[in-house]
Amino acid sequence: MKAGEQARHPNGHLAGLSLAALGIVYGDIGTSPLYALRQCFFGEAPLDLQPETVLGVLSMVFWALIVVISIKYLGLVMRADNRGEGGILAMLALLDPRGKSSRRPLPALLLLGVFGAALLYGDGMITPAISVLSAVEGLGVAAPALHELVLPLTIAVLVALFALQHRGSGRIGRWFGPVMLLWFALLAVLGLRGILIEPGVLKAVDPEYAWRFFAAQPWVAYLVLGAVFLVVTGGEALYADMGHFGRRPIRLAWFGVVLPGLLLNYFGQGAMVLAHPEEAVHPFYSLVPSWGVYPMVGLATLVTVIASQAVIAGAFSLTRQAMQLGQSPPVEIVQTSSDEIGQIYVPLVNWGLLLATIALVLGFGSSNHLAAAYGIAISATMVITTLLIARVMQRRWRWSTLAVAAFLVVFLPLDLAFLSANLFKIVDGGWVPLVVGGVVVTLMLSWRYGRQRVHARTSDVAMPIDTFLQSLTYEPPSRVRGTAVFLTAPDSRVSNGLLHHLKLNQVLHERVLLLTVMTEDVPRVPAGERLSVTELGHGFYRVYVSYGFMQSPNLAVALKLLEDLGSVPGLEDETTTFYADRTYLLLTGDPGRWRLRLYRFMARNSLSVVDYYRLPPGRSVELGIQVEL
């Protein structure tokens, strides 16, 4: 652990942080016992439940958790933090995708990273659907007559979950950890109950049983890999949520609570399948005594809500990161906590996920069928993460070519095996997350492309700052009291809005701030390092306001800080007016320029500059600029 992380998470708070990590980080992977082994044994192609087959599947499950989660993610991937933050977009920022250094990632690598981020939206749709549905299906186990209520109750739980998102997770977040601790404790106890019935199931720790399964039934074992992968689908969440707690608490929670609970439960389910195959159609609930099924359904539903909450919050954070990194148009973001900057609510994403989740529940009808669509997005993202971390090893960690090659030889074939096995799910529903990922990445890349084209066009006709200031010497305009703040691109040119303002009004304020918002390749920029001011003469000042990709800009607050520091003499809120360009794209020529048309549609329906930068509405002016392409 780094010194900074140690200072941030002293040993006295380690237990509390680890408990909190149980609730936020491990909800997704913690609900996998509800459906993973059921899909392995009783999925689209039910297995012949011979002892060799059951032990072979359990061996695959055991070593998947050890190799993929314990070694790859907790041991290696989580070392690739960007100032403490994790996630695929944080890794892209770590690799400097916007070319601020002379060494740029390969375009194909950047495209893969963006596609991997887009696939996580598909996961945000499927995880709440399959988790809540698999929990509520326990009612059908306890009382088959209640089976008709499964879908209505699932939809009711999902509607309530998404409807409460605007309140933020802070109020209920304190309960997540204890609930998940109880959940993993029950997983362990129920697993031990099953293992005591058939202790021989523990032999599956030996990887030889997995090899025997592959040797005896290679095609069947290969297809089962797609279901086995469901036990590790929460791996990306470990990395994405690293910034909330740090590596050490997450690792302690995994090895101390989560891994033992999961393994005991999976082995217990396998024991019940061996001992009573005819009664273990739902292996998880077969471990529960008949008197405890209803309470377990209630607890499982609560746990799946917690798991879904973490995935939904991850989609919100991903949206903000994409906006800050220039991959997404600005949309409304609501800060739900004054203390925790990471607690946000994105209405557009929230209601979009709700509609998609309900459609999935109604379309697939059961967790068994929905599992066919689950896994393919995460398996593809894991392959992309492996390729990106190899690049980090080479560029940032300065590993030798031999060491990077050894890493790829060990982990990439395993990831590709999981991905290729999941590809067989495409016909049965796996196309859903791929289509979602394809749509999102098309929107992201079209937005990026459109911004680049508009910026290139406006830069061609913009006037350099030095030339503009020199022109004021020859033909000084009238100056009026107060301050004008013009939002300006990060180059050395004045904004078109300033030129239009001067041309039309023939007047300037006595102080003019050319303000540029910069998104740095770090998660957060401290307030003390946020502002940079340079006096240009003629009452002009060049101001840079820097934010991290995990922060939302608030220029009203930034200008207040600038006023308090006294960096610009005479700056006052009451006499300050903000000016922002609003670009209107006029397309001419080839009607097939679909990317620009898509960009124009997104630009017209995106959040206004005033709202996105949180400018005071009563003192803000948007200047319409028409750009012809």
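**Close-up views of a predicted model**

**View 1. Q506 occupies the loop between α24 (496–505) and β4.** The structure shown in this and the following views is a predicted model. The phi angle of Q506 is near 55°, a positive value in a residue other than glycine. With a relative accessibility of 54%, Q506 counts as exposed, because the threshold for an exposed residue is over 50%. The helix that precedes this loop, α24, lies across β3, β4, β6, β7 (576–586) and β8, and runs at about 165° to β4.

**View 2. Strand β4 (residues 507–519) pairs with β3 and with β6.** Strand β4 is mostly covered, ten of its 13 residues being buried. Strand β3 (residues 478–487) runs parallel to β4 and is joined to it by eight bridges. Within this pairing, V485 stands opposite L513 of β4, and L487 stands opposite L515 of β4. Strand β6 (residues 540–547) also pairs with β4 in the parallel sense, again over eight bridges. Here V512 has F540 of β6 as its bridge partner.

**View 3. Six strands form an open sheet with mixed pairing.** The order of the strands is β5-β6-β4-β3-β7-β8. The edges are occupied by β5 and β8 (620–628); each has a single partner strand, so one side of each is left without a neighbour in the sheet. From one strand to the next, the twist averages 25°.

**View 4. Two loop residues, A527 and H538, lie on either side of strand β5 (531–537) in the sequence.** A527 belongs to the loop between β4 and β5. Its relative accessible area of 47% makes A527 partly exposed. The C-alpha atoms of A527 and A558 are 8.7 Å apart in space, while the two residues are 31 residues apart in sequence. H538 is found in the loop between β5 and β6. Although H538 is not a glycine, its phi is positive, at about 60°. H538 also counts as partly exposed, at 38% relative accessibility.

**View 5. C40 is a buried residue of helix α4.** C40 has a relative accessibility of 2% and therefore counts as buried, the limit for a buried residue being under 20%. Beyond its neighbours within four places in sequence, C40 is in contact with L47, V57, V224, A227 and V228. The C-alpha atom of C40 is separated by 8.3 Å from that of L225, a residue 185 residues away along the chain.

**View 6. Helix α12 (residues 218–228) carries six buried residues, with several helices among the elements that cover them.** The buried residues are A221, V224, L225, G226, A227 and V228. Three of them, V224, A227 and V228, are also contacts of C40. The cover over the buried residues of α12 includes α4 (36–42), α5 (51–76), α11 (208–216) and α21.

**View 7. Helices α20 (residues 376–395) and α21 (residues 401–423) pack at an angle of about 165°.** Their axes are 8 Å apart. The two helices are therefore roughly antiparallel to each other, since angles over 145 degrees are placed in that class. The crossing of α20 and α21 is left-handed. On the side of α20, the contact is made by I376, S379, A380, M382, V383, T386, L387, I389, A390, M393 and Q394. These residues meet V404, F407, L408, L412, D415, L416, F418, L419, N422 and L423 of α21. By class, the residues of the contact of α20 with α21 comprise 16 nonpolar, four polar and one charged.

**View 8. Helices α9 (residues 150–163) and α17 (residues 293–324) pack at an angle of about 45°.** The axes of this pair lie 11 Å apart. Helices α9 and α17 are therefore oblique to each other, and α9 passes α17 in a right-handed crossing. From α9, the residues V157, L161 and F162 take part in the contact, meeting T301, V305, S308, Q309 and I312 of α17. Five nonpolar and three polar residues make up the contact of α9 with α17, and no charged residues are present there.

Technical notes: Residues numbered from 1 in each chain as written. Predicted model: local features only at pLDDT ≥ 70, side-chain atom pairs only at ≥ 80, totals over all residues. Heavy atoms only, no water. Axes fitted to C-alpha atoms, helices over the stretch in contact; angles between N-to-C directions. Helix = DSSP H or I, 4+ residues; strand = E, 2+ residues; numbered from the N terminus. Parallel < 35°, antiparallel > 145°, perpendicular 65-115°, else oblique. Left-handed = near helix turned anticlockwise from the far one by under 90°. Contact = heavy atoms within 4.5 Å. Nonpolar A, V, L, I, M, F, W, Y, C, P; charged D, E, K, R; others polar. Buried < 20%, exposed > 50% of the residue type's maximum accessible area, 1.4 Å probe, protein only. Pairing = 2+ DSSP bridges.
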